[in-house]
Amino acid sequence: MSESCLNVFTEYFKELEEESIQDNFVVVYELLDELMDFGFPQTTDSKILQEYITQEGAKLEVAKSKVPTTVTNAVSWRSEGIKYKKNEVFIDVIESINVLVNANGSVMSSDIVGSIKLKTMLSGMPELRLGLNDRVLFGLTGRDKGKTVMMEDVKFHQCVRLSRFESDRTISFIPPDGESELMSYRINTHVKPLIWIESVIEKFSHSRVEIMVKAKGQFKKQSVANNVEVRVPVPSDADSPKFKTSTGNAKYVPEKNLVVWTIKSFPGGKEFLMRAHFGLPSVENEEAESKPPITVKFEIPYFTVSGIQVRYMKIIEKSGYQALPWVRYITQSGDYQLRTNV
């Protein structure tokens with residue numbers, strides 16, 4: 001419930017800070033009155049709340065005189081009478097990879113955090129049925145312990161009919177209008193780092209630091225990682241940077257004590273090299289510095305690590321219109337860290 005409150009307040013005030021709560025005290029009071037009834041969660045969808053609780057205080061009483069049908073309707077997350085000239089559904093399957101590699105090159109921890117996000121532009125009150133590949137569905141229902149994707153912390157949007165899913169593994173729902181998260185999940189599994197980093201950092205006292213970083217794409221050759229950033233920590237007293245890269249660009253960010261190596265397009269199976277040289281002052285800093293890890297950011301389209309796939313999306317509406325579903329897969333870095341010896 002607390003997460004729902006935060007989401008609603010952020011939707012209303014953009015920045016959720018003490019000042020914004022004080023400035024909008026009346027609206028906060030009204031929202032809490034609708035979010036809960038006798039301590040139980042009630043209407044938690046910000047799109048519905050915005051129909052009758054506006055941010056203009058003068059309009060609050062006027063707006064409340066007419067309760068929207070979504071509050072009295074069985075489908076509280078969707079208004080009636082929605083119309084689009086072109087009916088479409090956009091489905092994004094997004095997986096974030098969390099990896100921690102120690103200085104010896106062993107993966108200490110790893111998991112996948114995924115979500116299926118929708119952007120629905122559909123008229124009327126459509127019924128949608130989403131089909132995932134059996135490998136994932138069996139893992140969700142726990143019926144098969146073989147070659148399945150065992151998902152944990154699975155959460156569905158309130159629109160999903162859970163009883164239907166439990167009986168025949170069909171994900172059926174009447175979707176909210178616009179953007180929403182249909183489901184989220186976590187897969188606690190050993191993940192092979194998609195971009196492997198090898199580093200050699202040599203520090204010569206009172207003189208210089210030499211850094212060599214090798215990045216290798218450990219994913220399918222037909223896939224390409226976009227906007228790759230390798231962030232390498234350097235000593236706080238380093239200066240006079242010099243770089244040499246086999247691809248991309250490297251730059252020194254002194255306020256963060258980092259070298260940021262940017263590669264716009266990184267094909268699977270390829271290896272690239274970056275060398276950096278820094279000068280060190282003749283008087284060494286006596287304070288012991290922390291040893292932050294190398295971090296990596298990337299995004300790989302048309303690819304998921306878990307193998308989750310949308311098999312079909314059926315759209316049924318009483319007027320019988322034809323609608324186009326579009327599916328996009330994205331794998332991206334989450335908390336992706338590789339520790340160093342230096």
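Trainee: Which residue stands opposite F90 in β18?
Mentor: In this predicted model, F90 stands opposite W326 of β18. The two strands involved are β3, residues 88-101, and β18, residues 324-338.

Trainee: Do those strands run parallel or antiparallel, and over how many bridges?
Mentor: Strands β3 and β18 pair in the parallel sense, over 13 bridges. As background, strands of a sheet pair through backbone hydrogen bonds, and the pairing may be parallel or antiparallel.

Trainee: What is the strand order of the sheet that holds β3 and β18?
Mentor: The order is β6-β8-β4-β3-β18-β16-β11-β14-β13, which makes an open sheet of nine strands with mixed pairing. At its edges are β6 and β13 (249-253), and each of these pairs on one side only. From one strand to the next, the twist averages 15°.

Trainee: Where does β5 belong, then?
Mentor: Strand β5 belongs to an open sheet of three strands in the order β7-β5-β17, with antiparallel pairing. The edge strands there are β7 (171-173) and β17 (310-316), each pairing on one side only. The twist in this sheet averages 15° from one strand to the next.

Trainee: How many bridges join β5 to β17?
Mentor: Six bridges join β5, residues 127-132, to β17, and the two strands run antiparallel. Within this pair, E127 stands opposite I316 of β17.

Trainee: Staying with E127, is it buried or exposed?
Mentor: E127 counts as buried because its relative accessibility is 17%, and the cut-off for buried is under 20%. The side chain of E127 also meets that of R161 in a salt bridge, at 2.6 Å from N to O.

Trainee: What does that salt bridge tie together?
Mentor: R161 lies in the loop between β6 (152-156) and α8 (162-168), while E127 lies in strand β5, so the pair ties together parts that are 34 residues apart in sequence. R161 is partly exposed, with a relative accessible area of 33%.

Trainee: Changing topic: how do the side chains along β10 point?
Mentor: Along β10, residues 208-217, they alternate. V209, I211, V213, A215 and G217 point to one face and are buried. R208, E210, M212, K214 and K216 point to the other face and are not buried. In general, side chains in a regular strand alternate between the two faces of the sheet.

Trainee: Which strands are joined to β10, and by how many bridges?
Mentor: Strand β9, residues 195-204, is joined to β10 by 10 bridges, and the two run antiparallel. Strand β15, residues 271-279, is joined to β10 by nine bridges, again in the antiparallel sense. On the β9 side, I201 stands opposite I211 of β10. On the β15 side, E210 stands opposite H277.

Trainee: What about the turn between β9 and β10?
Mentor: The hairpin of β9 and β10 has three residues between the strands, and H206 takes a positive phi near 60°.

Trainee: Which salt bridges involve β10 residues such as K214 and R208?
Mentor: K214 forms one with E198, with the closest N and O atoms 3.8 Å apart. K214 lies in strand β10 and E198 in strand β9, so this pair ties together parts 16 residues apart in sequence. Both partners are partly exposed: K214 has 26% relative accessibility, and E198 has a relative accessible area of 40%. R208 forms a salt bridge with E210, the closest N and O atoms being 3.1 Å apart. R208 is partly exposed at 29%, and E210 is partly exposed at 27%.

Trainee: Which residues are joined into one network by salt bridges?
Mentor: E152, D153 and R186 are joined into one network by salt bridges that share partners. The count for the protein comes to nine salt bridges.

Trainee: Which residues form the nonpolar patch on the surface?
Mentor: L6, L16 and I21 form it, with about 220 Å² of accessible area together. L16 is found in the loop between α1 (2-13) and α2 (18-23), and it counts as partly exposed at 31% relative accessibility.

Trainee: Finally, what are the overall figures for the protein?
Mentor: The secondary structure comes to eight helices and 18 strands. Buried residues make up 42% of the 342 residues. The protein exposes about 19,200 Å², and carbon and sulfur atoms supply 49% of that area. Among contacts between residues at least 6 apart in sequence, 73% join residues at least 24 apart.

How values were computed: Residues are numbered from 1 along each chain as its sequence is written. This is a predicted model: local features need pLDDT of at least 70, side-chain atom pairs count only at pLDDT 80 or more; totals for chains, interfaces and linings use all residues. Side-chain values use heavy atoms; hydrogens and water are left out. Two strands pair if DSSP finds at least two bridges between them. Helices (H or I, at least four residues) and strands (E, at least two) are DSSP runs, numbered from the N terminus. Axes are lines fitted to C-alpha atoms, for helices over the stretch in contact, and angles run from 0 to 180 degrees between N-to-C directions. Buried means under 20% relative accessible area, exposed over 50%, partly exposed in between (1.4 Å probe, protein chains only). Patches are made of residues with over 30% relative accessible area and no salt bridge: like charges are joined within 9 Å, nonpolar side chains (Val, Leu, Ile, Met, Phe, Trp, Tyr) within 5 Å. Accessible areas come from the Shrake-Rupley method with a 1.4 Å probe; for residues, only the protein chains shown count as cover. A salt bridge is a side-chain nitrogen of Lys or Arg within 4 Å of a carboxyl oxygen of Asp or Glu. Contact means heavy atoms within 4.5 Å.
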